[in-house]
Amino acid sequence: YEDMDNEDKAMQCLEMADQISPNNPDVSISLLSIFIDAGKYDDAIKLCNQIIDEDPYSFPAWMKIAECYSALSKHNKAIEAAEFAMIANPEEDAPYVLRGQSYVALENYEKALEDLYRILDSNVVPERYIRYYIGICHMSMGNYETAFENFNNAELDTEKSEQPFHHNIVFNISKCLYKMGRYEESRFYMRMMIPENNDIRIMQLLLSTIDGTDYLKSLNEWEEVVINDPTTENWYSLGISYLESKVYDKAKEIFLYIKELEPDTEGLGLNLLLACTGLN
């Protein structure tokens, strides 16, 4: 049933097997995988804890529970479980993958990079995925050249049919090149992105501003982008559009909002000052 991707039937069989042979580790680990594939993370966590009660050094159980917490966006708990997996089997590199991803989600990029560089040559997962996450860390830290190099390596090793991963890579390459002022190259990669995607609209808007496009014309489009994807970066771009369009009250409101979310955003203090000056 597992080979036929019939998860419901596989789960029924495994649950019956578990009743016949309670606490059988082979049955429990197989059942865990089925629960996780089906998105039944609470059931999986409950079963993980039962296995750990019987065997506190069960490496597969700690790994599975870390995977569940990661899927539930409980990243601190995922890190804790991954570290128990490291204790259970110090020779394994797989826990560093989960811990590194959780650090990325928590925006602790320095810690994430320690884990990601450790597993770069380990073949635990394909190198292109590790390169991608390394690129995300460096881009978030403003190291656009290093980020570009890692994204570029990931893109060279990724088939264009491997979506949405390939799209995410070229979107971030395009953003890095934009940040480095390499606008024509940024446009080249933008054309490799999935058409009609919100990301491609973002890049089109960003690149249109360097061509002297009237910000007022792009203002409505930026507002729509933020409604569809309210990230800090998109809010910031909308604030810049308001500022350039001399809508200072809206710009100030957005920059103050961003100051609460991410006070260390590059250039935020200056743009907030410009908005306040414009109001006065």
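**Exercise 1.** In this predicted model, classify Phe84 by its relative accessibility of 35%.

*Solution.* Buried requires under 20% relative accessible area and exposed requires over 50%. Phe84 has 35%, so Phe84 counts as partly exposed.

**Exercise 2.** Do the same for Trp62, and then describe the aromatic pair that Trp62 and Phe84 form.

*Solution.* Step 1: the relative accessibility of Trp62 is 13%, so Trp62 counts as buried. Step 2: nine aromatic pairs are found in the whole structure. In the pair of Trp62 and Phe84, the centres are 4.5 Å apart and the planes differ by 20°. Planes under 30 degrees apart count as stacked, and this pair is stacked. Step 3: Trp62 belongs to helix α4 and Phe84 to helix α5 (residues 75-88), so the pair ties together parts 22 residues apart in sequence.

**Exercise 3.** Classify the pair of Trp235 and Tyr257, and locate both residues.

*Solution.* Step 1: the centres lie 5.4 Å apart, with 70° between the planes. An angle over 60 degrees counts as edge-to-face, and that is the class of this pair. Step 2: Trp235 is in helix α14 (residues 232-244) and Tyr257 in helix α15 (residues 248-261), 22 residues apart. Step 3: Trp235, at 22% relative accessibility, counts as partly exposed; Tyr257 is partly exposed with 36%.

**Exercise 4.** Which residues of helix α2 are buried, and what covers them?

*Solution.* Step 1: α2 spans residues 25-37. Step 2: its buried residues are Val27, Ser28, Leu31, Leu32, Ile34, Phe35 and Ile36. Step 3: their cover includes α1 (7-20), α3 (41-54) and α4 (59-71).

Key: Residues numbered from 1 in each chain as written. Predicted model: local features only at pLDDT ≥ 70, side-chain atom pairs only at ≥ 80, totals over all residues. Heavy atoms only, no water. Helix = DSSP H or I, 4+ residues; strand = E, 2+ residues; numbered from the N terminus. Expected span 1.5 Å × (residues − 1). Buried < 20%, exposed > 50% of the residue type's maximum accessible area, 1.4 Å probe, protein only. Contact = heavy atoms within 4.5 Å. Phe/Tyr/Trp six-rings, centres within 6.5 Å; stacked < 30°, edge-to-face > 60°.
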